[in-house]
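Me: I am in my first year and would like to take a slow, close look at one part of a protein model. Please start from a single residue and then connect it to its surroundings, step by step.

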Amino acid sequence: WKTNLDGDYNTGELSWVESPCFDFSGLMKPVVNLSIWYETANGAYARIQYSLNEGTTWQTVGAMGDSPNWYNSANGWAGSSGTWINARRTSPELAGLASVKFRLQFYGGVSGTNEGIGFDDFIIYDSPASDLAVIGISSPVNGCGLTANEIVSVAIVNAGMLSQNNYDVSFSLDGGTFITETSNILINPGDTVVYTFTSTVDLSSPGIYSITAVVMLVGDTVVL
């Protein structure tokens, strides 16, 4: 879904996409997951809300900083993501509820327009026992003067229900062979840690580089 397939959204627009009712009575720790791309002008934003009374009243799901990519402003997603991003948030406040509706709400603001938002792959699932994910590359970062021995660090979140302290972390530079190391850093449920590889990368030649990182855990069946 997108705000406008053929142009910008409307000034002052207030629109939303509303879901049917979901029954979470059997879920212990629901996770809300979606892909989103946003390009908004000043004052515009998008957010996920839920209702427990068939849409009579709505509450916002989470807040900025709850988890990586979950809102980047006090109101929701705003500004420019530049590409599709995956946003997911563990939502224990929804556990055990028998009738929950969602909506993605968009407000266009009054200070100009832009392309708006698009979202896809909206999924709600129960947190599995084992679920680790790389949510970002902490280093290296864009800049001049990079060296032949740049440190590679990645952020890993534990979205499962069990603590983990034995898992493999891998990275690849420009589609090359993955370098894999085993980490014993403890990650409790809901926590995020940064793993720094002992292997470094050569970024001394000016150019554009691409680093891909993954984490592998026995029993982790979530692929997002």
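Does Lys101 count as buried or exposed, and why?

Reply: Before turning to the residue, please keep in mind that this is a predicted model. Lys101 counts as buried, because its relative accessibility is 15% and the word buried is used for values under 20%.

The charge of this side chain has a partner. In general, side chains of opposite charge can pair when their charged atoms come close. Here Lys101 forms a salt bridge with Glu18, and the closest N and O atoms of the two are 3.0 Å apart. Lys101 belongs to strand E6, while Glu18 belongs to strand E1 (residues 14-18), so this pair ties together parts of the chain that are 83 residues apart in sequence. Glu18 itself counts as partly exposed, because its relative accessibility is 36%.

This salt bridge is one of 4 in the structure. Another joins Asp131 to Arg88, with 3.2 Å between the closest N and O atoms. Arg88 lies in strand E5 and Asp131 in the loop between E7 and E8, so this pair links parts that are 43 residues apart in sequence. Both Asp131 and Arg88 are buried.

The next residue along, Arg89, forms a salt bridge with Glu93, where the closest N and O atoms are 2.8 Å apart. Arg89 counts as buried because its relative accessibility is 12%, whereas Glu93 is partly exposed because its relative accessible area is 31%. Salt bridges with shared partners join Asp66, Arg89 and Glu93 into one network.

From the charged pairs we can move to the nonpolar side chains. In soluble globular proteins, nonpolar side chains tend to be buried together. In this model the largest nonpolar core has 25 residues, and those touching the most other members are Leu34, Ile36, Ile48, Trp70, Trp77, Phe102 and Leu104. Strands that give two or more residues to this core include E6 (101-107), where our starting residue sits, and E5 (85-90). Strands E2 (30-39), E3 (45-51) and E7 (116-126) also give two or more residues each, and the largest share, 4 residues, comes from E2.

Trp70 lets us see how the core and the charged residues come together. If residues up to four places away in sequence are not counted, Trp70 touches, among others, Val32, Leu34, Ile48, Trp77 and Ala87. The contacts of Trp70 also include Arg88 and Arg89, which we have just met as the salt-bridge partners of Asp131 and Glu93. Apart from this core lies another, of 17 residues, and among its members are Tyr167, Val193, Leu203 and Leu217.

Right after Trp70 comes Tyr71, whose backbone deserves a careful look: Tyr71 has a positive phi of about 65°, although it is not a glycine. Tyr71 is placed in the loop between strand E4 (59-60) and E5, and it counts as buried because its relative accessibility is 6%. A positive phi of about 55° is also found at Asp174, again a residue that is not a glycine. Asp174 lies in the loop between strand E10 (167-173) and strand E11 (179-183), and it counts as partly exposed because its relative accessibility is 45%. One further backbone detail is the peptide bond from Ser139 to Pro140, which is cis, with omega near 5°; Pro140 lies in the loop between strand E8 (132-139) and strand E9 (150-158).

Nonpolar side chains also appear on the surface. Phe178, Val214 and Met216 form a nonpolar patch there, with about 250 Å² of accessible area together. Val214 is part of strand E13 (residues 211-216) and counts as partly exposed because its relative accessibility is 31%.

Finally, stepping back helps to place Lys101 in the whole. The chain has 13 strands and 0 helices, and 42% of its 224 residues count as buried, with Lys101 one of the buried residues. Among contacts between residues at least 6 apart in sequence, 75% join residues at least 24 apart; the salt bridge from Lys101 to Glu18, across 83 residues, is one link between distant parts of the sequence.

Technical notes:
Residues are numbered from 1 along each chain as its sequence is written. This is a predicted model: local features need pLDDT of at least 70, side-chain atom pairs count only at pLDDT 80 or more; totals for chains, interfaces and linings use all residues. Side-chain values use heavy atoms; hydrogens and water are left out. A nonpolar core is a set of buried Ala, Val, Leu, Ile, Met, Phe, Trp, Tyr and Cys residues joined through side-chain atoms within 4.5 Å. Buried means under 20% relative accessible area, exposed over 50%, partly exposed in between (1.4 Å probe, protein chains only). Contact means heavy atoms within 4.5 Å. Patches are made of residues with over 30% relative accessible area and no salt bridge: like charges are joined within 9 Å, nonpolar side chains (Val, Leu, Ile, Met, Phe, Trp, Tyr) within 5 Å. Accessible areas come from the Shrake-Rupley method with a 1.4 Å probe; for residues, only the protein chains shown count as cover.
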